[in-house]
Amino acid sequence: SERHKTPTKMASDEIDFANASKTGEIPSFNGDEKAKATDFANYFCSYAQLYHQKQMLVDHVRMAAYHSAIMGNSLVFKDKVVMDVGTGSGILAVWAAKAGAKRVYAVEYTEMSKHAEKVMEANGVSDVVTVIRGAVEDVVLPREDFATDGENDTQCVDIIVSEWMGYFLLRESMLDSLIRARDKFLKPRTGLMFPSHCTMYVAPITDEEERYQSCAEYANTMQDWSQFVETTKSTYGVDMSCLEAPFDREQNEYYLLSSKWAELKPNAILAEAQPVKMLDMITCTIEESRGLALFDELSSFDFDISDDYKDGAPISGFAGWFTSDFKSRTDANGADAPKLMSPAFLDTGPEAGYTHWGQQVFHLLSSIPVLPDQKVRIYGNLELMRTKENARLYNCRFRFKTSRRNESEPKDGKVLMESDLTETVYQIP
């Protein structure tokens with residue numbers, strides 16, 4: 001994959017081409033033309049390429065979950081008004097039409113909308129599906145004959161479908177657009193969201209081969225820098241050693257302090273994954289979509305790892321992934337909403353096999369050994385926050401301690417050793 005180039009860190013008002021509005025929102029909401037152009041170049045343009053769409057369409061875990069959710073609940077879709085947010089090549093819109101929707105609005109920001117129109121025609125649903133090019137925040141739907149069940153006369157949509165999820169769920173910040181579409185268009189008492197609920201998980205992992213490789217690549221690039229400095233001085237008479245510290249910081253952030261996409265095997269997981277954030281797509285807010293605060297209700301984790309689990313493999317770091325449910329509404333105001341008789345489920349964890357999301361791996365700077373007849377406890381908090389330079393990218397902070405105790409001791413029993421607090425911030429590129 002192409003190497004992520006980290007933006008220069010500076011105050012947001014000093015950044016000429018920040019991928020964020022002046023208020024820190026994603027540019028498609030309230031960005032000026034410069035911010036929107038930057039957002040398109042950094043984010044949307046890749047979705048205008050068919051190769052990128054194909055990468056998602058051959059993800060059969062993804063495809064099967066959405067297909068089951070839509071086609072398996074055709075009674076819910078029959079004669080309904082549906083909006084597909086970020087339709088891409090339009091496959092979800094096709095399924096919604098084939099499931100019996102009377103009208104589908106397929107919203108797409110990029111020129112992929114032209115391909116989506118061809119897909120509708122080729123599959124005989126162009127009379128049902130209207131492809132709309134533009135940001136969903138700016139879309140105005142034709143009034144026609146659609147009834148609303150809310151105070152807002154634009155709330156005429158019965159079902160919103162969207163494949164908005166990014167790495168570790170929130171990366172790309174498309175959830176913001178979905179929430180604004182929901183608040184503007186979805187019928188508040190009877191409307192449905194597909195998916196309906198999403199959960200983020202973390203777990204400790206063993207992944208020493210990849211962790212060692214990252215450390216070795218960092219060491220090699222710094223050795224190469226030293227040779228470059230010597231060569232430049234001896235050959236051209238210019239001393240570049242004054243730039244070693246910022247170069248080291250740049251390489252350190254890339255090789256050691258950036259999360260890695262991984263397709264982990266199930267046996268890499270050292271303890272049962274724990275949820276760190278749960279979202280109800282009917283009730284979640286823009287504030288919740290911004291990330292995970294350090295002391296949010298679910299932001300803490302507490303794992304126990306023994307030497308008889310995975311043959312005493314060392315702790316190499318953490319992995320993060322998400323699940324998405326397609327099920328009936330669970331909020332207090334959804335009693336009158338249609339019930340899904342065939343719930344569906346999307347899992348991007350190691351047990352599920354390959355998905356294009358994979359897992360995000362956060363390697364420790366040094367591994368933690370798991371010694372014979374002892375247990376290692378690793379406990380702390382997780383924070384996820386958007387970068388100032390790019391509202392679609394995130395930094396992830398892990399704060400944790402570790403302790404060792406005899407295997408016979410309870411979790412709150414006598415410890416043999418307890419570490420100082422470790423705090424590390426990773427980029428999710």
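**Backbone exceptions, salt bridges and aromatic contacts**

Glu172 is buried, with a relative accessible area of 12%. In this predicted model, E172 also adopts a positive phi of about 95°, although the residue is not a glycine. E172 is located in the loop that runs between strand 4 (159-161) and helix 8 (174-185). S173 has a positive phi as well, of about 60°, and is likewise not a glycine. S173 belongs to the loop between strand 4 and helix 8. The relative accessibility of S173 is 1%, so S173 counts as buried, the limit being 20%. Such backbone values merit mention because most residues other than glycine have a negative phi, and most peptide bonds are trans. An exception of the second kind occurs at the peptide bond between F194 and P195, which is cis, with omega about 0°. P195 is placed in the loop between strand 5 (192-194) and strand 6 (197-205).

Confidence in the prediction was examined along the chain. The mean pLDDT is 89, and 86% of the residues reach 70 or more. Over residues 1-15, however, the pLDDT is below 50, and this stretch has 17 contacts in the model beyond near neighbours in sequence. Where pLDDT is low, the predicted coordinates should not be read in detail.

Charged side chains were considered next. Side chains of opposite charge can pair when their charged atoms come close. A search of the whole structure returns 15 salt bridges. One of the salt bridges is formed by D158 and K187, whose closest N and O atoms are 2.9 Å apart. This pair links distant parts of the chain, 29 residues apart: D158 is in the loop between strand 3 (129-133) and strand 4, whereas K187 is in the loop between helix 8 and strand 5. D158 and K187 are both buried.

A further salt bridge joins D304 to R405, with 2.4 Å between the closest N and O atoms. The two residues are separated by 101 residues and link distant parts of the chain, D304 being in strand 9 (residues 300-306) and R405 in strand 14 (residues 394-406). The two partners fall into separate accessibility classes: D304, at 25% relative accessibility, counts as partly exposed, whereas R405, at 2%, counts as buried.

Strand 14 also contributes R397, the side chain of which meets that of E383 in a salt bridge with an N to O distance of 2.7 Å. Because R397 lies in strand 14 and E383 in strand 13 (residues 374-386), the pair ties together parts that are 14 residues apart in sequence. E383 has a relative accessible area of 18% and is therefore buried, under the limit of 20%. Through salt bridges that share partners, E383, R397, R399 and E423 are joined into one network.

Aromatic side chains form 17 pairs by the rule applied here. Among them is the edge-to-face pair of F318 and F400, with 5.6 Å from centre to centre and 70° between the planes. F318 is in strand 10 (residues 315-326) and F400 in strand 14, so that this pair links distant parts of the chain, 82 residues apart. Both partners are shielded by the accessibility criterion: F318 counts as buried at 1% relative accessibility, and F400 is buried with a relative accessible area of 6%.

The rings of F362 and Y426 have their centres 5.5 Å apart; their planes stand at 70°, so this pair too is edge-to-face. The connection again links distant parts of the chain, from F362 in strand 12 (residues 359-368) to Y426 in strand 16 (residues 422-428), 64 residues apart. F362 and Y426 are both buried. The two pairs described above belong to one cluster, in which ring pairs link F168, F301, F303, F318, F362, F398, F400 and Y426.

Aromatic rings are also approached by arginine side chains at two sites described here. R211 lies over the face of Y212, at 5.2 Å from the ring centre. At the other site, the charged end of R377 is positioned over the ring of Y379, 4.2 Å from its centre.

Methods
Residues numbered from 1 in each chain as written. Predicted model: local features only at pLDDT ≥ 70, side-chain atom pairs only at ≥ 80, totals over all residues. Heavy atoms only, no water. pLDDT = per-residue confidence, 0-100. Contact = heavy atoms within 4.5 Å. Helix = DSSP H or I, 4+ residues; strand = E, 2+ residues; numbered from the N terminus. Buried < 20%, exposed > 50% of the residue type's maximum accessible area, 1.4 Å probe, protein only. Salt bridge = Lys/Arg side-chain N within 4 Å of Asp/Glu carboxyl O. Phe/Tyr/Trp six-rings, centres within 6.5 Å; stacked < 30°, edge-to-face > 60°. Lys NZ or Arg CZ within 6 Å of the ring centre and 35° of its normal.
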